[in-house]
Amino acid sequence: MNFADSEVVGSILQGAGHEVAESLEDADFVLINTCAIRDNAEQRVRHRVRELRAAQGHNKSLRIGILGCMAERLQSRLMAEEDNVSFVCGPDAYRRLPQLLAQVREGQRGTEVELSTTETYADIEPVRLASNGISAYISIMRGCQNYCSYCVVPYTRGRERSRDPQTILTEAKGLCEKGYREVTLLGQNVNSYRYEAVGFPELMDMVAAISPLLRVRFATSHPKDLSDELLEVMASHENICRCIHLPVQSGSNRMLKAMNRKYTVEWYLDRVESIRHHMPDCSITTDVIAGFCGETPEDHAATLELFRRVRYDYAYMFKYSQREGTYAAKHMPDDIADDEKTRRLNEIIALQGQIALENNRKEVGREYEVLVEGESHRSKEQLFGRNSQNKVLVFDRKDAVPGTYRKVRVTDCTAATLIGELVNENQ
Ligand code: SAH
Ligand code: SF4
């Protein structure tokens, strides 16, 4: 999400005559786009801000601005605490950045943190700042009003609003014409996308129809809103990727209720079954939180049990981090000791590692159409790409070229990567 937002910011600033600087010595501004979801994300930003003091010593005109959720959450408090920060700008105020930068240049400090109920940056064509020219993010909605009790997002990104589908289609078509082969539609809860008569299944249908060469992915799906209608649309388009990120958060109904997730374990498992019914080859991934308020050893055991049942291909696993202003911070004691949270988290990580490895071992011998993305980190002689299930495959380069589709046979694996070889389709 922040990556996509940074590309919108890039576009707004380029439109105002700014350019990307090659180095800190050349730069007049450093903009840091931030996340406030857990405390450790914020601590990393503070670290970075303090490190930049050295660069500011060498380059006296260098000013620092904080964008995104941390700016929204802390507002001018952040400038009081980090005195080398010149301005903060929240996620709905990026159109005001050119004025803000001008003001800061004149020696003032600035705060732009107003949230909007309508801003979607629909008319702004993002500059693809760090793009590989192959895959791109398209933001389709902003904000969230689900108010999960642990989560700061509804407070930092405002109310949910969806972007005009015509502008999404134009952006996706433009990318496809430029040679992009994959778009990921982004929102906090894409299943509740709605713009007049167009819901998420209809939007997916339209984006997938642009070109069979353009893969379509999306994130994130809230389990409460994952409809069979969407699964039917997915199943009917080969270029909609067979991968659904379906954050569960906990395997205990008691915890799900306390988290205000609005579904039960039974509902969740029914959705998983429906995914597998519509698309037997669909990979499922998740997010989970260990050590939420009042989590008992039984609740934790229920999460492990759920992981064993679903057998996710990948999971983002977190320790609960209390966020100021949320319902949980106000009304529920953060009562699991940190070392116990860590212990539970590590148990989930170990189990998930084992499941991912077992899942990957079953892939050995299978063949996949892979979108080649680039050189592997380990060797220039090897390339990597992803299959429709979003699994990374690494293989010897031979005559393969990034940005094209190639068939790859899986020959070996680790828990994180499939190792394979190109299948020569002419033989
Ligand atoms: N909108 C998405 C999630 C966005 S936040 C959804 O509802 O699925 C990404 C993930 O961060 C969440 O799924 C959750 O697992 C985690 N998260 C959010 N708030 C957290 C907190 N206070 N402590 C720990 N993890 C948190
Ligand atoms: Fe946060 Fe819940 Fe909204 Fe996801 S759905 S962003 S976890 S409040």
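A polar contact here is a pair of N or O atoms within 3.5 Å of each other. Keep that cut-off in mind as we walk through this structure, which is a predicted model.

Let's start at ligand 1. With R261, the pair to look at joins an N or O atom in the side chain to an oxygen atom of ligand 1, and the two are 3.2 Å apart. That distance falls within the 3.5 Å limit, so the pair counts as a polar contact. D287 does something similar: one of its polar side-chain atoms sits 2.6 Å from an oxygen atom of ligand 1. Y150 uses its backbone instead, placing an N or O atom 3.1 Å from a nitrogen atom of the ligand.

How much of ligand 1 does the protein cover? On its own the ligand has 540 Å² of accessible area, and the protein covers 90% of that. Two elements give two or more residues each to the shell, namely β13 (283–290) and β14 (314–319). In total there are 15 residues around ligand 1, and Q188, P247, Q249, D287 and S321 come nearest. Sorted by class, that shell holds six nonpolar, four polar and five charged residues.

Now move to ligand 2. The residues around it are C144, N146, Y147, C148, Y150, C151, V153, P154, Q188, H222 and R261. By class, this shell has seven nonpolar, three polar and one charged residues. If Y150 and R261 ring a bell, they should: Y150 has the backbone contact with ligand 1 described above, and R261 has the side-chain one.

Next, some empty space. Rolling a probe the size of a water molecule over the atoms shows where such space is left. The second largest pocket holds about 1200 Å³ of it. Its lining is made up of 36 residues, with F29, V30, L31, I32 and L129 lying nearest the centre. The elements that give two or more residues to this lining are α1 (2–15), β1 (29–34), α2 (39–58) and α5 (97–105). Which of them gives the most? That would be α1, with eight residues. By class, the lining divides into 20 nonpolar, eight polar and eight charged residues.

One last stop is S162, in strand β7 (residues 161–162). Is S162 buried or exposed? Its relative accessible area is 12%, and because the limit for buried is under 20%, S162 counts as buried. A polar atom of its side chain lies 3.1 Å from the backbone nitrogen of R194.

Conventions
Residues are numbered from 1 along each chain as its sequence is written. Chains are lettered from A and ligands numbered from 1 in the order in which they are written. This is a predicted model: local features need pLDDT of at least 70, side-chain atom pairs count only at pLDDT 80 or more; totals for chains, interfaces and linings use all residues. Side-chain values use heavy atoms; hydrogens and water are left out. A residue is near a molecule or strand if one of its heavy atoms lies within 4 Å of it. A polar contact is a pair of N or O atoms within 3.5 Å; within protein, one must be able to donate a hydrogen and the other to accept it, and residues adjacent in sequence count only if both atoms are side-chain atoms. Accessible areas come from the Shrake-Rupley method with a 1.4 Å probe; for residues, only the protein chains shown count as cover. Helices (H or I, at least four residues) and strands (E, at least two) are DSSP runs, numbered from the N terminus. Ala, Val, Leu, Ile, Met, Phe, Trp, Tyr, Cys and Pro count as nonpolar, Asp, Glu, Lys and Arg as charged, and the others, Gly among them, as polar. On a 1 Å grid over the protein atoms alone, a cavity is a set of points where a 1.4 Å probe fits but cannot get out, and a pocket is an open set with protein on both sides within 12 Å along at least five of seven lines; lining residues have an atom within 4 Å of a point. Grid points are joined across faces, edges and corners, and a volume is the space filled by probe spheres set on the points. Buried means under 20% relative accessible area, exposed over 50%, partly exposed in between (1.4 Å probe, protein chains only).
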